[in-house]
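Student: Could you take me through one part of this model in close detail? I would like to follow the reasoning as you go.

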Amino acid sequence: MSGKQNKPGENVPEQGSFAFGDPAPPESAIPVLSGPEPSNPKMSNPEPVSEAPPAPKRRSSKRSAAIVGISVMGSRLMGVVREQVFAFMFGTTMFADAFIAAFRIPNLLRDLFAEGALSTAFTTTFTKTWEKEGEASAWHLARLVLSSLTFILGVICIAGVIFAPQVVHVISGGFEDVPGKFELTVRMTRLLFPFILFVSLAAAVMGMLNARHVFGIPASASTVFNIVSVVSGAALACLFEPQQHWLHPHFGERAVFGWCFGVLLGGLAQLAIQLPSLWQAGFNFAGKLNFRDSGLRTVLILMVPSAIAGSAVQVNVMVNGQFASHIPGAMSWLYYAFRLVQLPIGIFGVAIATVTLPAVARQHALDDLKAFGKTVEDALRFGFYLTLPASVGLAAVARPVIQLIYEHGSFNAASTSQTALALQAYTIGLAGYSGIKILVPCFYAMQPPRFESRAESGFWSSFFHFVMNVVLFTPARVSLIGIVLNLVLCFVLYYYLGWGHVGLALATGFVAVFNFLQLVHAIHKKIDLGAPAEWLSFFVRVTISTMACGCVVLVGNHFLLAHRTTHSLLGAAILFLNIGAAGGVYFGLTVLLSVPESLELVSFIKRKLGRANSRN
């Protein structure tokens, strides 16, 4: 991908080259990292260990991957529908701000512990226990984890209900300036706190089922959450606060509490739909608590890196929320905008990182740093190749896209304008976000922090030493520096320059770029990422193509959508055609400028067409 001609015999890893249509190496070629340390606390999702014969396992993996992929796509689509319904009902009103702030508090705990750290840590430990100690020991560990989770999170929920005013003050203190807004958020926070219990238990159950090669139901659980929360939330909102004019709805306090109950029912459904499969797999629940159990401690150790890595992100979210709470509607504007900017991050950054991790783990295990560097270089280039035009394009079509998705019901034109400004500011950091998703797994593939038990000092002393090593490890250290920078930028852009919620979105984007540059600088000390001249040539060609892509979108918006909204079928069609034309211009120019990524895609298409013609 770098445009260099490979010398004869040069060892270039096929997995990291991102060449279209290249076969992946056999699973046996990728080593399994032993020991309790995680290979990637944020991005990895360890596959269950199995003693099945190789051929059936490969067929099962492909089938399971397809099931999970379809389920995830369905969940994302239903997530967009859920946000559309919420925007229709509450727009960017005080009630929307209050719900987003109240839901953010248990959501932060969910993102920090449940769906990432807990699921990965438990799946790994449960699988190893099943394979090494047998079925009875594995189910014993499962009962311990579920009992401990229920106890610990029950205590957290009770504490959250009691100290909700203090928690809301820390997260959204600016709500106190609006009469009734702070009190409303406190009441909703108390109502929504049990959500963390439901989704954490659901994450643990998902880990058990995945370890037993059951993927369809767990992967569909989040889709069930979206469906149940939307249907029940909207139904309860209408029941609590009936509407006389559906084209001009006025949902208020009673309706937003109905939506909260719907979210709780959705979280409960996410857990409940997995229980029959769990019982069928052989699980029987019995309350057991033993915090000295070695398996439970292993789960805790594996959760630490992911929790620390995630904590930096959540601290930045809380800081930005505290600033945004002083502007009526800003919490909602930033929320809707960031949800949109997460789509290309999830599609491009996470996908590339998922492909990169097995390759770099294998190459580092073989001590092939040259191939390791080539893989990382290609992954970064491919990320920039996709995210740079996505950033410019998303910024250019921000207003019509938000108008198409959200501007209905209570979400008015003023909300569209403010959300579009936030989205345009967020896109500055899109390439940086993608780069971070790619680089962080590489650090953990190279030298993950290790837990070393010290008999003379005891478990908890060894555990504290391990936590400090994780904190000082490069990705976590970079994130902590980013927290300080984010706080400084928020003060400067929000208070000193007076840029309001746009300044907060800019701060988030700048921090993403700065953190990415820190990671590049750190990893470049260990591996070769390619010649500067080649990177400069790549950026010049891609930048020219990206600017042309952006100009096409802007011209199309000006002449075709200037006096037309995307509410109409014609306006929506023009928007999609405009985006398609801009993408075609970008791809065509990159081919003319000999960008290797585009040339490989052209070669791949020609090979496929040639095979199809030969069959006919």
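**A close look at the aromatic pairs**

Tutor: Happy to, and please keep in mind that this is a predicted model. Let's start with the aromatic rings. A search of the whole structure turns up 30 aromatic pairs. One of them joins Phe338 and Tyr433: the ring centres are 6.2 Å apart and the planes meet at 65°, so this pair is edge-to-face, given that planes over 60 degrees apart count that way. Phe338 belongs to helix 11 (residues 330-365) and Tyr433 to helix 15 (residues 430-446), so the pair ties together parts that are 95 residues apart in sequence. How buried or exposed is each partner? Phe338 has a relative accessibility of 24%, so it counts as partly exposed. Tyr433, with a relative accessible area of 17%, is buried, because the cut-off for buried is under 20%.

Aromatic residues also gather in a group: Phe86, Phe90, Phe99, Phe103, Phe195, Phe225, Phe251 and Trp259 make up one aromatic cluster. Two further phenylalanines, Phe151 and Phe291, appear in a nonpolar surface patch along with Ile152, Val155, Ile156 and Leu289. Together the residues of this patch have about 520 Å² of accessible area. Leu289 sits in the loop between helix 9 (275-280) and helix 10 (294-324).

For a contrast with that surface patch, turn to Thr416 in helix 14 (residues 413-426). Thr416 is buried, with a relative accessible area of 0%. Beyond its neighbours within four places in sequence, Thr416 is in contact with Arg399, Ile402, Gln403, Glu407 and one more aromatic residue, Phe411.

Conventions. Residues numbered from 1 in each chain as written. Predicted model: local features only at pLDDT ≥ 70, side-chain atom pairs only at ≥ 80, totals over all residues. Heavy atoms only, no water. Patch = residues over 30% accessible without salt bridge, like charges linked within 9 Å, V, L, I, M, F, W, Y side chains within 5 Å. Areas by Shrake-Rupley, 256 points an atom, 1.4 Å probe, with all protein chains shown as cover. Salt bridge = Lys/Arg side-chain N within 4 Å of Asp/Glu carboxyl O. Helix = DSSP H or I, 4+ residues; strand = E, 2+ residues; numbered from the N terminus. Buried < 20%, exposed > 50% of the residue type's maximum accessible area, 1.4 Å probe, protein only. Contact = heavy atoms within 4.5 Å. Phe/Tyr/Trp six-rings, centres within 6.5 Å; stacked < 30°, edge-to-face > 60°.
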